[in-house]
Amino acid sequence: MDPIAEIIKKINLGCMTQAKSNTRDREQPMNKTQTFECEICKDAEFIVVNKPIYTEKENGISKEIYGPVAEPCKCRELKYYKRILEGSGISEVFQSKTIREYIPKNDKQKQSKAMAIEYINNFHIIRSQRNNSLGITGQPGSGKTHLTIAISNELLRRGIGVLYLQYREVMTQLKQVINDDEQYQMQMNRFKSAPLLLIDDLFKGAIRDGKVNESEMRIMFELINHRYLKQLPVLVSSEYNINKMIDFDDATGSRIAEMCKGRTIDLIGKELNHRMI
Ligand SMILES: [Zn+2]
């Protein structure tokens, strides 16, 4: 079956099941064998709504004619973000990480877990504030990826669109299209407009002689400055702490510092330290 026919079939199936589930009598035994991630569209990612499709004139009076129109369901955007995370280079082990599974081994890690939980639980309020972001820095293996991915997973589960940006990979892609304005803007716009952006391993592989590669810094400034002005939050994980980021570039670093104010932790040690009691 071709993909479009498949979608229409799914929509039709969804509508029929939806019509059934809309009946008030939920005690009625229903088909329980199938569960859906999204009960609204039954995972078809589209819903059929009745909308005016054209205007007809009858005896001089114009009348709107309604008809069924397929519209993307609100879960579609979230699924798009989930697919990006799943399709990223991040191992499956990380993709399913939860906050609960994060076992702190020292005070810094304990603080960072508490900070992550506070962020998740209050995100609906925090997101519209000036200091709406969170930064976890530390050496590879310090647990920063676990925590930032776990925050993303939990917020995605709660219906917040979190776009995953793996710094090294995305920088390489953006630099390849930097002279093609249309392509470049198209890619950048996704990162600029996502409800929450997770920047994983910020500045990884960008430092030479203590300085960040110039074109990468320009790209990061454009992105960070846009989100800063629009008050759109970021989750940052990096090997480099906030002070170091300000050293690299004052304009970019100080904006990150302001966005993450009150929610930055520098995890120094490694997460996996078997000698630690
Ligand atoms: Zn849906």
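Of the 277 residues in this chain, 41% count as buried, where buried means under 20% relative accessible area, exposed means over 50% and partly exposed is in between (1.4 Å probe, protein chains only). This is a predicted model, with local features needing pLDDT of at least 70 and side-chain atom pairs counting only at pLDDT 80 or more, while totals for chains, interfaces and linings use all residues. Residues are numbered from 1 along each chain as its sequence is written, and side-chain values use heavy atoms, with hydrogens and water left out.

**Stop 1: the whole chain**

Switch on the cartoon. You have ten helices and nine strands to look at; helices (H or I, at least four residues) and strands (E, at least two) are DSSP runs, numbered from the N terminus. Among contacts with a separation of 6 or more, 74% link residues 24 or more positions apart, a contact being heavy atoms within 4.5 Å.

**Stop 2: the zinc ion**

Which residues hold the zinc ion? Select C38, C41, C73 and C75: each SG coordinates the zinc ion, at 2.3 Å. Donors here are N, O and S atoms within 2.8 Å of the metal (3.2 Å for Na, K and Ca), and water is not among the atoms, so sites may look incomplete. Along the sequence the donor residues follow the spacing C-x2-C-x31-C-x1-C. The donor atoms subtend angles of 102 to 114 degrees, so the arrangement is tetrahedral; for four donors that label needs all angles between 85 and 135 degrees.

Now colour by accessibility. C73 is buried at 5% relative accessibility, and C75 is buried too, at 9%. If you go looking for disulfides (pairs of cysteine sulfur atoms within 2.5 Å), you will find zero.

**Stop 3: the cores**

Next, show side chains for Y119, I151, L155, L202, F203 and M220. Of the 60 residues in the largest nonpolar core, these touch the most other members. A nonpolar core is a set of buried Ala, Val, Leu, Ile, Met, Phe, Trp, Tyr and Cys residues joined through side-chain atoms within 4.5 Å. There is also a second, separate core of five residues, including C38, C41, I47 and C73. In soluble globular proteins, nonpolar side chains tend to be buried together.

Centre on M220. Leaving out residues up to four places away in sequence, M220 touches Y167, M171, I199, L202, F203, N225 and T252.

**Stop 4: helix α6**

Two of those partners, Y167 and M171, take you to α6, residues 167–176, where the buried residues are Y167, V170, M171 and L174. Why do they sit on the same side of α6? They cover an arc of only 105 degrees around the axis, the arc being that of the directions from the helix axis to the C-beta atoms. An α-helix has 3.6 residues a turn, so residues three or four places apart point the same way. To see what the buried residues of α6 pack against, add β4 (162–166), α7 (181–193), β5 (196–200) and α8 (214–229).

**Stop 5: the loops around β6**

Pick F203 again, in the loop between β5 and β6. Buried or exposed? F203 is buried, with a relative accessible area of 1%. Check its backbone as well: phi is positive, about 70 degrees, although F203 is not a glycine. Most residues other than glycine have a negative phi.

G205 lies in that loop between β5 and β6 (207–208) as well, but G205 is exposed at 62%. Draw a distance from G205 to R168: their C-alpha atoms are separated by 6.7 Å, with the two positions 37 residues apart along the chain.

Carry on to D209, in the loop between β6 and β7 (211–212). D209 has a positive phi near 50 degrees, again in a residue other than glycine, and counts as exposed at 78% relative accessibility.

**Stop 6: helix α10**

Finish at α10, where T252, G253, I256 and M259 are buried. Down the axis, the buried residues of α10 fall within an arc of 130 degrees, so they line one face of the helix. They pack against α8, β8 (234–238) and α9 (242–248).

R255 is also in this helix, residues 250–259, and is partly exposed at 22%. Beyond its neighbours within four places in sequence, R255 is in contact with F221, I224, N225 and Y228. The C-alpha atoms of R255 and R227 are separated by 9.7 Å. Last click: C260, buried at 0% relative accessibility.

Notes: Tetrahedral: all angles 85-135°; square planar, octahedral: opposite > 155°, others 65-115°.
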